[in-house]
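Biologist: I should like a close look at one part of this model, followed by an account of the ligand site.

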Amino acid sequence: MSDEDVELEARLEEQEVFEPSDSFVEQANVSDAGIYDEFEENWPECWEQAAELLDWEEEYDQVLDNSNPPFYEWFTDGTINASTNCLDRHLDERGDEAAIEWVGEPVDEDNVTLTYSELHEKVNEAAAALRDLGVGEDDVVTMYMPMIPELPIAMLACARIGAPHSVVFAGFSADALATRMNAADSEYLVTCDGYYRRGDPLDHLDKANEGLSGVEHDTETVVVDRLGPNGDDFGHDLAEDQHDWGELMAAHEGAEVEPVDRDAEDMLFLMYTSGTTGEPKGVKHTTGGYLSWTAWTSQAVLDIKPEDTYFCSADIGWITGHSYIVYGPLALGTTTMMYEGTPDHPDRDRLWEIVEEYEANQLYTAPTAIRAFMKWGTEYPDEHDLSSLRLLGTVGEPINPRAWKWYYKHIGNEECPVVDTWWQTETGGMMVTTLPGVKDMKPGSAGPPLPGLDARIVDTNGEEVDPGRAGYLTVNKPWPGMLRTLYKNDERFIEEYWAEYSDTDSSNSDDWVYFPEDGAKIDEDGYITVLGRVDDVINVSGHRLGTMEIESAIVGVEGVAEAAVVGGDHEVKGEAVYAYVITEEGQEETDEFREEIVQGVLDAIGPIARPEQVIFTPELPKTRSGKIMRRLLEDIANEEDLGDTSTLRNPEIVEDIRKVVQED
Ligand code: WTA
């Protein structure tokens with residue numbers, strides 16, 4: 001480093017508050033600080049500003065119906081179609097502009113640009129094809145696809161005909177697919193033959209078929225041919241209830257499908273996510289509220305304008321991709337990018353190459369990626385012209401100030417505001433973050449709640465804690481993008497998100513408080529720092545995994561008697577999976593057996609849940625009532641001071657486990 005660089009690093013390290021640049025503020029979609037007071041005074045009508053970003057078929061009667069909390073309804077009696085809002089209404093002005101810029105794995109074919117007209121055409125054809133297969137309004141269509149253009153095409157086609165989609169991340173296992181299709185009674189699946197990973201073709205249909213064999217009802221499957229002849233070696237033959245996507249599309253060439261009028265409260269999609277119990281939760285999002293929320297936050301926080309090229313590096317298989325690759329950006333008529341590959345192939349400058357080539361204006365990524373970039377070194381971004389970037393964003397997990405500053409300096413050249421956005425699958429879109437054209441930024445702290453939102457940090461009794469003290473994050477007023485329920489399970493919906501801090505007997509909405517299960521603290525300026533999950537969910541590389549799900553996968557391996565899974569600190573992934581395993585009598589504790597356990601997790605969930613370490617232990621530390629002390633196991637994994645262990649039923653076991661971990 002030159003002297004100048006050293007000086008700059010030192011200055012950055014000290015700096016705690018960063019102002020957005022004048023040039024950013026001047027052009028920002030939202031730059032009037034009065035918006036916070038305005039929304040507070042005018043709540044809930046303030047959310048008409050979000051609804052007004054959309055085209056409605058029938059105007060709504062009421063902004064919010066809160067007569068039956070926590071079953072809130074937004075924009076009641078309005079009707080709307082999401083695909084019309086993402087496509088048709090842009091055709092006149094932006095028909096020839098790119099809707100999607102798809103960058104594939106660098107194999108032998110070209111990248112794909114889909115203009116709004118082309119995307120509209122394909123979505124219509126796909127909608128006609130799905131309808132012909134029998135998909136009707138309200139039928140749940142599952143998608144098990146990687147980052148290929150057919151995924152958003154299929155999603156929008158479903159939206160057009162009023163069929164909710166349920167996208168299952170392609171990296172999930174066959175079992176995970178089956179569980180989700182069964183839970184949603186989904187009779188339709190759209191998937192593909194395979195895809196590329198770091199240049200090599202990877203079989204996907206095999207996994208899909210295995211999943212289908214675990215589905216309890218009849219299904220129809222559509223298979224996209226992604227690999228062409230490169231997939232020949234996999235020897236796939238389509239079964240009778242499986243159809244080739246290309247053939248279906250050709251058979252419906254030029255078809256036009258009238259968009260179905262959906263009630264604002266009709267389901268747009270389901271997304272399964274992890275929770276405290278082993279069973280994934282089917283988060284239900286609606287058409288009017290969700291689309292308003294993603295459009296408004298895309299505009300206010302990501303500062304998206306129609307002429308922008310916007311790049312979010314998430315996977316559409318997660319909520320971030322739903323909200324901020326597909327629905328929010330397309331509702332605003334911008335160009336949204338999709339990248340099929342990984343950031344390190346063919347080299348570690350892949351994202352910077354893409355930003356430069358496409359002159360991306362925003363980059364929205366995860367702290368885990370930023371930590372990897374930091375580790376790889378500045379030479380990779382330095383080789384590229386990143387001056388097209390105007391705003392940077394992060395999501396998925398806490399970002400430490402060092403990583404924030406690295407991103408700000410080396411990617412944003414100290415000119416781009418960084419928005420650290422806290423939200424969840426359940427919230428539909430962003431909740432706590434700075435408005436980049438209005439607020440100063442404090443690295444490590446996401447910022448204040450967005451205008452119109454009331455978030456508080458409370459203790460176990462629901463009393464607000466003083467600034468600087470750790471407590472629990474709560475959201476005290478409903479918002480349009482919120483989940484409406486857990487699919488076919490209203491009871492669990494109340495239990496999981498509301499019971500903790502609400503007066504559940506009350507029909508007054510003021511008595512209902514949403515609990516996201518995150519710990520947090522607030523400072524004197526109202527900036528919130530999110531500390532992480534307080535339930536049995538761990539966050540590996542920004543992906544939410546339930547420890548119970550992993551434990552039940554491990555216990556399913558023959559020879560395992562009991563297992564406890566915790567998250568341990570990890571330099572790049574944020575958290576990594578540590579599995580403590582008690583074997584059955586007679587089972588040898590060998591490396592081969594460790595491998596079997598790892599394989600059990602891969603089969604049940606997928607590679608994202610791969611244990612970093614499998615630790616054999618004769619016992620697990622338990623409370624006197626028999627509850628496993630996960631916190632203690634976490635501390636062992638992180639080599640932290642364990643504090644007082646005398647209340648344990650079996651305190652001596654802690655030292656034994658610690659020894660095993662150290663030996664490993
Ligand atoms: C965590 C992803 C700190 C949090 C959109 C939350 C964050 C969970 C942040 C939701 C952030 C997300 N700072 N933590 N900016 N963003 N989280 O459902 O623990 O996959 O509850 O949604 O990620 O994960 P999910």
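What percentages of helix and strand does the chain have over residues 35-86, and how far apart are the end C-alpha atoms?

Modeller: This is a predicted model, in which local features need pLDDT of at least 70 and side-chain atom pairs pLDDT 80 or more, whereas totals for chains, interfaces and linings use all residues. Residues are numbered from 1 along each chain as its sequence is written, and side-chain values use heavy atoms, without hydrogens or water.

Over residues 35-86 the chain is 31% helix and 19% strand (DSSP runs: H or I of at least four residues, E of at least two). The end C-alpha atoms of this stretch are 26 Å apart. An unreviewed UniProt entry lists residues 35-86 as "domain: Acetyl-coenzyme A synthetase N-terminal"; such annotations may be inferred rather than shown by experiment.

Turning to the ligand, 17 residues surround it (a heavy atom within 4 Å), and the closest are Asp 420, Thr 421, Thr 425, Asp 518 and Arg 544. By class, this shell has 6 nonpolar, 6 polar and 5 charged residues. At least two residues of the shell come from each of helix 13 (319-331), strand 20 (418-421) and strand 25 (528-533).

Two side chains approach ligand oxygen atoms: an N or O atom of Asp 518 is 2.5 Å from one, and an N or O atom of Arg 544 is 2.7 Å from one. From the backbone, an N or O atom of Pro 398 lies 3.5 Å from a ligand nitrogen atom. The protein buries 96% of the 530 Å² that the ligand exposes when taken alone (Shrake-Rupley method, 1.4 Å probe).

Definitions and conventions
A polar contact is a pair of N or O atoms within 3.5 Å; within protein, one must be able to donate a hydrogen and the other to accept it, and residues adjacent in sequence count only if both atoms are side-chain atoms. Ala, Val, Leu, Ile, Met, Phe, Trp, Tyr, Cys and Pro count as nonpolar, Asp, Glu, Lys and Arg as charged, and the others, Gly among them, as polar.
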